[in-house]
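The following exercises are meant to be worked with the sequence and the model in view. Please attempt each task before reading its solution.

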Amino acid sequence: MIIKTTGHLSMIKKSILIKIITLKSIILFLFAGCSNGTNETAQLACSLDDPCNIRFPHVTAPSTPKGQAAALFEELAEARFPGRVTVDVYPSSQLMTDDDSLPALFAGEIQMIAISLSKFDRMTQAFQIFDLPFLFPNIEAVERFQNSDTGQNLLGTLNDRGFQGLAFWHNGMKEFSAPIPLRVPEDANGLKFRIMESDVLEEQILNMGGSPQKMALGEVYQALQTGVIDAQENTWSNIYSAKYYEVQPYIMETNHGYIGYLVAVNPDFWQSLPEDVRTGLEEVMDEVTQWGNQRAEEINLRDRAEIVASGDSEIITFSEDELAVWQQSMRPVWEIFADGIGRENIAIAQSLN
Ligand code: SIN
């Protein structure tokens, strides 16, 4: 059992425990290979004597769209099932990285995740559609695609790999930040960019002449500060809450990509819940998804305004013609991934733009 504590000794014990959990779950995950990751599981009680606990780690700050939605899920789920369901949200990579949480969910060490769609890259090509640069012009277009039949089918894509998708949560559109202004893609030539674990994002940076470095979110600030990397891409809310703007003099408002999350559970765990709890939690998830997705853009705009007010970073904006140059130059990246994603899926997304 993981206990939320603050003392130094407890922190050390917690960190040892996390390492053991992570190691155990990675071994299970590797050995499971392509199996569906489900076992026969006894029905959980979820009673006052034996409450069901949902451990829900994530990597962003409590103020971000995901942080706020996860906290609301905890509040509403516990209010709906007082004493029967407890939810422990661990924000800001407090418990583990996204990389570690995939095997941990699979192994049943945690019960819920909300991981960037980009980071499922190694498991399914279907989600690569969300990383194609300049495919979606804004969050509304992403939402139309996610709500389409094609988008809703994507929620079930990873069921047979042990991840049952419950919802898509938005963060927002991505911007580049760098030590120099990037007015055209070629300005990135030679810069080292932190990217999420995604082959599409790797090609995107290579296409700009940059050097991509896959890295966990929690390591980025220090890597920027110490020059291990020069530049990065993220949403306004992540750039603000992780304080990248303090160490990046320029932010380019390209809105070139999307960060959103698959909220997923272990299907085995989910099926083991009593039916009233499972359906009740699914209703709570729907309510939270609607609330969070409506607020995500507002949160990003609020954080953009905070960055402007700080005066630490200059924001470079682009005319439509200037953005067209970026869009055109990144188009070859689509061609590399189009067959794997499915050209018909890309066409559907474009038709909903
Ligand atoms: C997140 O928003 O959850 C993380 C995104 C990143 O790793 O850049």
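The exercises below treat confidence, overall architecture, helices, individual residues and the ligand shell.

Residues are numbered from 1 along each chain as its sequence is written. The model is predicted: local features need pLDDT of at least 70, side-chain atom pairs count only at pLDDT 80 or more, and totals for chains, interfaces and linings use all residues.

**Exercise 1. Confidence**

Determine the mean pLDDT of the protein and identify stretches where pLDDT is below 50.

Solution. The pLDDT is the predictor's confidence in each residue, from 0 to 100. Its mean over the protein is 91, and 88% of the residues reach 70 or more. Over residues 1-18 the pLDDT is below 50, and this stretch has 8 contacts in the model beyond near neighbours in sequence. A contact requires that the C-beta atoms of two residues, placed from the backbone, lie within 7 Å. Residues 30-39 also have pLDDT below 50, with 11 contacts beyond near neighbours in sequence.

**Exercise 2. Overall architecture**

State how many helices and strands the protein has, and what share of its residues is buried.

Solution. Helices (H or I, at least four residues) and strands (E, at least two) are DSSP runs, numbered from the N terminus. The protein comes to 12 helices and 10 strands. A residue is buried if 20 or more other C-beta atoms lie within 10 Å of its own, exposed if 12 or fewer, and partly exposed in between, with C-beta atoms placed from the backbone. By this criterion, 44% of the 353 residues count as buried. Among contacts between residues at least 6 apart in sequence, 79% join residues at least 24 apart.

**Exercise 3. Helices H10 and H11**

For H10 and H11, set the end-to-end C-alpha distance against the expected span, and locate the bend in H10 and the kink in H11.

Solution. The expected span of a helix is 1.5 Å times one less than its number of residues. Helix H10 (residues 275-310) has 36 residues and so should span 52 Å; its end C-alpha atoms are 50 Å apart, which agrees. A bend at a residue is the angle between axes fitted to the seven residues ending there and the seven starting there. H10 bends by about 35° at Ala 296. Gly 311, with a positive phi near 70°, follows H10.

Helix H11 (residues 320-341) has 22 residues, and its end C-alpha atoms are only 28 Å apart, short of the 32 Å that a straight helix would reach. A kink of about 35° in H11 is centred on Glu 335. The buried residues of H11 are Trp 326, Met 330, Val 333 and Ile 341, and their cover includes helix H6 (199-207) and helix H12 (343-351). After H11 comes Gly 342, whose phi is positive, near 105°.

**Exercise 4. Positive phi outside glycine**

Place Cys 46 and Lys 243 in the fold, and decide whether each is buried or partly exposed.

Solution. Cys 46 is not a glycine, yet its phi is positive, about 50°. Cys 46 lies in the loop between helix H1 (8-32) and strand E1 (52-57). Cys 46 counts as buried because it has 21 C-beta neighbours inside 10 Å. For Lys 243, phi is likewise positive, near 65°. The loop between helix H8 (236-241) and strand E8 (250-252) holds Lys 243. With 16 C-beta neighbours inside 10 Å, Lys 243 counts as partly exposed.

**Exercise 5. Two strand residues**

Which residues does Arg 194 touch, and which does Ser 177 touch, not counting residues up to four places away in sequence?

Solution. Arg 194 belongs to strand E5 (residues 192-195). It is buried, with 25 other C-beta atoms within 10 Å. Arg 194 touches Gln 213, Met 215, Val 220, Ala 223, Ile 229 and Gln 232.

Ser 177 belongs to strand E4 (residues 164-178) and is buried, with 26 other C-beta atoms within 10 Å. The residues that Ser 177 touches include Ala 231, Gln 232, Tyr 244 and Ser 313. The C-alpha atoms of Ser 177 and Tyr 244 are separated by 8.2 Å, although the residues are 67 apart along the chain.

**Exercise 6. The ligand shell**

List the residues around the ligand and divide them into nonpolar, polar and charged.

Solution. A residue is near a molecule if its C-beta atom, placed from the backbone, lies within 6 Å of it. The residues around the ligand are Val 59, Thr 60, Lys 66, Ser 116, Asn 171, Met 196, Leu 217, Asn 234, Asn 238 and Ile 259. Ala, Val, Leu, Ile, Met, Phe, Trp, Tyr, Cys and Pro count as nonpolar, Asp, Glu, Lys and Arg as charged, and the others, Gly among them, as polar. The shell accordingly divides into 4 nonpolar, 5 polar and 1 charged.
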